[in-house]
Every structure is written in structure tokens, then in C-alpha cells.
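Please open the structure in your viewer and keep the selection tool at hand, since this tour moves from one selection to the next.

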Amino acid sequence: MAYKITHPTKKIKAVLALPFSKSISNRVLIIQALCKQSFRINNLSDSDDTKVLKEALALNKTDIYVGHAGTSSRFLTAFLANRSGEFTLRGSDRLHQRPIGILVDCLRSLGAEIEYLEQDGCLPLKINGKQLVGEIVKIDGSISSQFISALLMIAPVLENGLQLKIEGDLVSKPYVQMTLNLMEEFGIEYTWQQNKITIAQQAYKAFDFTVEADWSAVAFLYQMADFAQQCKLVLKGLFSYSIQGDQAIIEIMDELGMKHVYMKPMFHIIKAYTQNNHLKYDFTACPDLAQAVTVFCAAKEIEGTFTGLQTLKHKETDRRKALQIELAKVGVNVEVVGDNGLKINGKMNFTSSPTFDTYNDHRMAMCLAPLALILPEITINDPQVVSKSYPTFWSDMREMGFVIEED
């Protein structure tokens with residue numbers, strides 16, 4: 001299936017209720033499962049990733065399929081390794097290509113019994129779960145912060161707790177801090193000194209919890225606000241003091257000339273009328289924002305020099321290569337630089353009506369869709385991938401005046 005997308009007026013006026021954060025939802029679901037007392041989670045994300053995790057935790061299945069949900073697979077690997085029983089953990093073909101060996105090695109050092117069923121270092125896994133005994137564990141922090149978060153969340157229920165030493169450059173550090181902040185909300189004490197996080201054996205405490213809206217989604221709405229000829233866009237559900245690292249989108253877009261006003265509980269995005277000609281940015285702390293910012297710069301003919309993108313090749317697709325291929329369809333040159341960089345230059349062909357591929361990647365679909373405001377029309381293949389994180393994305397686009405037809 002494909003969607004053909006246009007915007008007849010090029011003007012946006014809408015008040016949107018944003019999706020709730022799947023990153024927070026998934027962490028709180030694991031904490032809820034580890035807590036000895038029940039508590040209520042308000043505003044739980046309805047994304048595919050969260051639904052998969054909630055079902056896996058609730059149904060007591062022994063054969064668990066998580067689709068494309070990388071976060072859920074990593075959190076479940078650690079959770080199941082410390083839970084009595086035998087489990088098989090599987091996913092989509094792409095998920096079976098994504099690395100999990102670093103996490104498995106760490107869990108094995110704690111006594112976990114985990115077997116690779118196909119390729120070493122990847123799903124599917126056979127897990128013989130049992131009580132693990134904590135000790136000092138070293139982990140490479142340069143591949144995925146999700147490995148670290150998975151270990152941290154089970155740390156309080158390990159016999160003797162855990163001392164986690166992070167080696168190398170830590171990517172997506174705000175996600176690790178998010179995990180620790182949430183654990184602290186549920187009564188867990190920890191120390192983080194230099195590269196070592198120490199968590200003693202202790203019990204989670206039950207508290208009802210409300211999930212905030214997803215700051216990652218705001219990046220795509222900034223694109224739409226700027227590409228529109230006129231814009232009045234108001235967003236609901238965002239916390240001004242957020243634990244989400246992707247709130248960095250404000251800083252990035254401020255540098256590009258966009259403005260915002262936060263009047264609780266509403267966040268107003270204001271269209272830019274001046275802009276910089278070049279953006280240099282290190283995305284190490286917030287790699288999920290890179291696609292939206294890349295397409296933003298391409299459309300505005302802003303030269304971009306980006307680093308900190310080393311994790312993008314391990315996502316739903318190799319996101320740097322995907323951006324290079326898709327933006328070439330509208331005349332923009334995207335250069336993949338080394339292991340972690342991108343450079344953007346070249347003028348967009350504003351008369352083209354491209355068909356974009358999405359590579360089973362929700363963020364590819366969402367970062368390219370706003371181009372319908374500045375091109376005659378666009379076509380998005382496999383548009384339903386957005387359900388992974390933002391199930392109401394297309395209905396929100398219709399609310400903003402986009403015409404979306406099934407092609």
C-alpha cells in the first residue's frame with residue numbers, strides 16, 4: 001500500500017494531542033512487572049512497540065514474538081533472563097539482524113543461560129530464566145543505550161545488585177538518565193560516578209504514574225510548521241521539564257530560526273522567517289532526531305554537517321543510507337561520512353513528485369511526509385510503519401489539512 005499526499009492550501013491551523021512517549025511507557029512497564037505491588041499507568045503509549053511489550057509481560061507466554069520492536073526485545077531479554085522459566089524470543093527478519101550480543105554477554109556474566117538459535121549475537125534467543133547474581137559488569141556504551149537500560153532496570157532485583165562500568169563513548173546518554181530517573185521515581189537509589197553506575201539490591205515501590213507526550217514526535221511537526229506558508233500549530237501533552245533527551249529538538253530548531261511558546265499545557269510552534277545557512281550538530285545524545293533535522297535542512301537548502309550518528313546503522317534500517325537514497329530523488333546530495341557523520345548540500349528540485357520508500361522505518365515515513373507542503377505531491381510506500389511509535393500520525397496530518405489518498 002502507498003499514500004499519495006498533497007496539501008492544497010499550504011496553510012496549517014490545528015491543535016493536536018501528541019502520542020504518549022513509548023520510551024517512558026516501555027520502561028515503566030518493565031518496572032511495573034518487577035514491582036511486588038501493583039500500580040496504575042496513565043497515558044500508556046498505544047504504539048506497536050508498547051503493545052508488544054505489554055502483551056509479552058501480561059500473557060506469560062513462553063514463545064514471544066516482538067516484530068520490529070528493538071527496545072522491547074532488549075528489555076525483555078534482561079527481564080526474562082532473571083525470571084524463572086524457559087522462553088523463546090523472536091522478532092522480524094530485520095530485528096534478527098540487529099545486534100544483541102553485548103547485552104547477552106553481560107547477562108551471561110551474571111549467570112544467565114541464553115542460547116542463540118540462529119546467528120550468534122542476534123535474535124532469536126532461547127532463554128532459561130533464573131535468579132541472577134549481580135557483580136561488577138563492564139559494557140561497551142558506544143553501541144546502544146538500550147543494553148545499559150535493560151541491565152539497570154533489573155539491577156535492584158538481582159542478588160547483590162549491580163555495579164555497571166561503561167566503557168567507551170556513551171551514546172544516547174539522556175536515555176540512560178531517563179531510565180535512572182524513572183527508577184528513582186519508584187524508590188530506587190543509585191550512584192553514577194564517572195563511568196560507574198552502582199545499584200544495590202532493593203525493592204521497587206509502587207506509585208501511580210502518568211506518561212508524558214513524546215518529544216521525538218515534535219521534530220516532524222516542526223518540519224510541517226516551517227514548510228507551511230502560514231502556520232498556527234498547538235501541541236498538547238508535553239512536559240516543559242521533561243526527562244526525554246529528545247526535547248533537544250527545541251535547541252536545534254531555535255538555532256535554525258524556529259520559535260516556540262510554552263503556555264501550560266500547550267506548546268505553540270512558530271514558523272521561522274529567518275534562518276541560518278549552515279547547521280553543525282552532534283547527535284550523539286539524540287540520534288532519533290537526525291532524520292527530521294536532515295530533511296528540514298535539505299528542504300530549506302541549509303548546509304548540514306552532522307556527527308554522532310554511529311547508532312543509525314543499527315536501527316530499523318541503516319538510516320544514513322536511507323536518507324541518502326531518498327533525498328537523492330529530489331536532487332539533494334547527502335554524503336555519508338565515516339562511521340558517524342552526514343553532510344548535506346545541493347538544492348532540492350521543488351517541481352518533482354517523488355515516491356519515497358520507508359524501509360520498515362517509522363521515522364523515515366514521518367520525516368519525508370512533510371515534504372508534501374513544498375512539492376506538488378509525494379507518495380509514501382508502506383505508510384503504516386508509523387504505528388511503531390505514532391499511530392495517529394496520518395489522522396493528525398489530515399487534521400492539519402493534508403489530503404491523503406490510498407494509491
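What follows is a walk through a sheet with its helix, and then through several salt bridges.

Before selecting anything, keep in mind that this is a predicted model.

**The sheet.** Begin by colouring β4, β5, β7 and β6, which in that order make up an open sheet of four strands with mixed pairing. At its edges you will find β4, covering residues 63-65, and β6, covering residues 113-116, each of which pairs on one side only. As you turn the view, follow the twist, which averages 20° from one strand to the next.

Next, select residues 85-90 and 125-129 together, so that strands β5 and β7 are shown, because these two run antiparallel and are joined by five bridges. Within this pair, pick out T88 on its own and then look across to β7, where its bridge partner is K126. Now add residues 70-81, which form helix α3; this helix packs on the sheet and touches β4, β5, β6 and β7. The direction of helix α3 makes about 35° with that of β7.

**A salt bridge between partly exposed residues.** Leave the sheet and show the side chains of K61 and E55, which meet in a salt bridge with an N to O distance of 3.0 Å. Are these two residues buried or partly exposed? K61 is partly exposed, having a relative accessible area of 37%, and E55 likewise counts as partly exposed, at 39% relative accessibility.

**Buried salt bridges around E316.** Now select E316 together with R319, and you will see a salt bridge whose closest N and O atoms are 2.8 Å apart. Both R319 and E316 are buried. Keep E316 selected and add K388, since the side chains of E316 and K388 also meet in a salt bridge, at 2.9 Å from N to O. Which parts of the chain does this second pair tie together? E316 lies in the loop between β17 (303-307) and α10 (319-328), while K388 lies in the loop between β21 (378-381) and α12 (393-399), so the pair ties together parts that are 72 residues apart in sequence. K388, like E316, is buried.

**The wider network.** To finish, extend the selection to K22, D49, D288, K315, E316, R319, D361, R363 and K388, which are linked in a network of salt bridges. For those who wish to continue exploring, a search of the whole structure finds 15 salt bridges.

Note on methods:
Residues numbered from 1 in each chain as written. Predicted model: local features only at pLDDT ≥ 70, side-chain atom pairs only at ≥ 80, totals over all residues. Heavy atoms only, no water. Salt bridge = Lys/Arg side-chain N within 4 Å of Asp/Glu carboxyl O. Buried < 20%, exposed > 50% of the residue type's maximum accessible area, 1.4 Å probe, protein only. Pairing = 2+ DSSP bridges. Axes fitted to C-alpha atoms, helices over the stretch in contact; angles between N-to-C directions. Contact = heavy atoms within 4.5 Å.
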